[in-house]
Amino acid sequence: MTIRVIVADDQAPTREGLRLLLSSEPGIEVVATAGDGYEVVAMARRHRPEVVLTDIRMPRMDGLAAIRDLLALDPAPAVVALTTFNLDEYLFGALQAGAVGFLLKESDPGLIIDAVRVAHDGQGLVDPRVTPRLLHRFAVTSPRPPTSELASLTPRETDVLRHLATGASNAEIAQALVISPGTVKVHIERILAKLGLRTRVQAAVYAHRHGLVTWADLP
């Protein structure tokens, strides 16, 4: 199945670079690009993408407002937020608005591609450089949940969860555990199902709150 993607950024060179990057990948088609929030919502209504990769700082309507409007569509695309600015207000604002992923524009190209693919699969991916702040915000300030679900994980699934919680991509997890990216994807799907979670971000928070990773493990 081809993943239909819209790219939104107010800088034409950035839009074009992302379009070329994603279009070069098998199974990904960039069906439209947009230069501001109003335009990306209009393009999403017209082209019905599965994934939208959108900048946060854009004219007329910013990315946070656009995310909320995009998620009100039927069907709603999965949204990955993209920004040059490594600021908490953007990170938390994007995730609270409903984005399933958050990347910096200087993220590794492979990470951007991974983010689109996992978003299409109903998961999410956050740039490893902001993972510690995200975990601190959502893990430390939240009550500790029951731990019985962890017993249902296999040793391999537990290993995958530990790596996921550090912000590692599927490819990085595969390399570390000497398994294929496809096998990592299957493990993550099973982990989310067993723990009753929806996204990789939730799984990372869960792992941190249960002591599977420590601050020393984070990048």
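Which residue in strand 4 is the bridge partner of Leu53? I looked this up first and found Val80. The model I am reading is predicted.

**Entry: the sheet**

I followed the pairing outward from that bridge. Strand 3 and strand 4 run parallel and are joined by five bridges. I then traced the whole sheet, which is open and built from five strands in the order 2-1-3-4-5. The pairing is parallel. Strand 2 and strand 5 are the edge strands, each paired on one side only. From one strand to the next, I noted an average twist of 20°. As a reminder to myself, strands of a sheet pair through backbone hydrogen bonds, and this can be parallel or antiparallel.

I also checked what helix 1, residues 12–23, does here. Helix 1 lies across strands 1, 2, 3 and 4. Its angle to strand 2 is about 165°.

**Entry: the core**

I looked up the largest nonpolar core and counted 32 residues in it. Ile6, Val40, Ile67, Ala94 and Phe102 have the most contacts inside this core. Seven elements would be tedious to describe one by one, so I list those that give two or more residues, as defined by their residue ranges:

- Strands: strand 1 (3–8), strand 2 (28–34), strand 4 (78–83) and strand 5 (101–104).
- Helices: helix 2 (37–47), helix 3 (63–71) and helix 4 (88–97).

Helix 4 gives the largest share, six residues.

I took Phe102 as a sample. Setting aside residues up to four places away in sequence, Phe102 touches Tyr90, Leu91 and Ala94, among others. Its contacts also include Ile56, Val80, Leu125 and Val130.

**Entry: Leu103**

I moved on to Leu103, which lies in strand 5. Is Leu103 buried or exposed? Leu103 counts as buried because its relative accessibility is 0%. Beyond its neighbours within four places in sequence, Leu103 is in contact with Val80, Ala81, Leu82 and Thr83, as well as Leu111, Ile112, Ala115, Leu125 and Asp127. I also noted its distance to Arg129: the two are 26 residues apart in sequence and 9.1 Å apart in space, C-alpha to C-alpha.

**Entry: Asp55**

I checked the record for Asp55. The unreviewed UniProt entry places the feature "modified residue: 4-aspartylphosphate" there. Asp55 is in strand 3, residues 51–55. Why do I call Asp55 buried? I do so because its relative accessible area is 3%, and the cut-off for buried is under 20%. Leaving out residues up to four places away in sequence, I found that Asp55 touches Ala8, Asp9, Asp10, Gly63, Leu82, Thr83 and Lys105.

**Entry: backbone in the loops**

I searched the loops for backbone details. Where is Pro75? Pro75 is in the loop between helix 3 and strand 4. A cis peptide bond joins Asp74 and Pro75, with omega about 0°.

Arg60, in the loop between strand 3 and helix 3, has a phi near 65°, a positive value in a residue other than glycine. I class Arg60 as exposed because its relative accessible area is 63%.

Val178 is not a glycine either, and its phi is positive at about 55°. I located Val178 in the loop between helix 8 (170–177) and helix 9 (181–195). Val178 is exposed, with a relative accessible area of 72%.

Methods
Residues are numbered from 1 along each chain as its sequence is written. This is a predicted model: local features need pLDDT of at least 70, side-chain atom pairs count only at pLDDT 80 or more; totals for chains, interfaces and linings use all residues. Side-chain values use heavy atoms; hydrogens and water are left out. A nonpolar core is a set of buried Ala, Val, Leu, Ile, Met, Phe, Trp, Tyr and Cys residues joined through side-chain atoms within 4.5 Å. Buried means under 20% relative accessible area, exposed over 50%, partly exposed in between (1.4 Å probe, protein chains only). Helices (H or I, at least four residues) and strands (E, at least two) are DSSP runs, numbered from the N terminus. Contact means heavy atoms within 4.5 Å. UniProt positions are given in the numbering used here, feature names are shortened, and annotations may be inferred rather than shown by experiment. Two strands pair if DSSP finds at least two bridges between them. Axes are lines fitted to C-alpha atoms, for helices over the stretch in contact, and angles run from 0 to 180 degrees between N-to-C directions.
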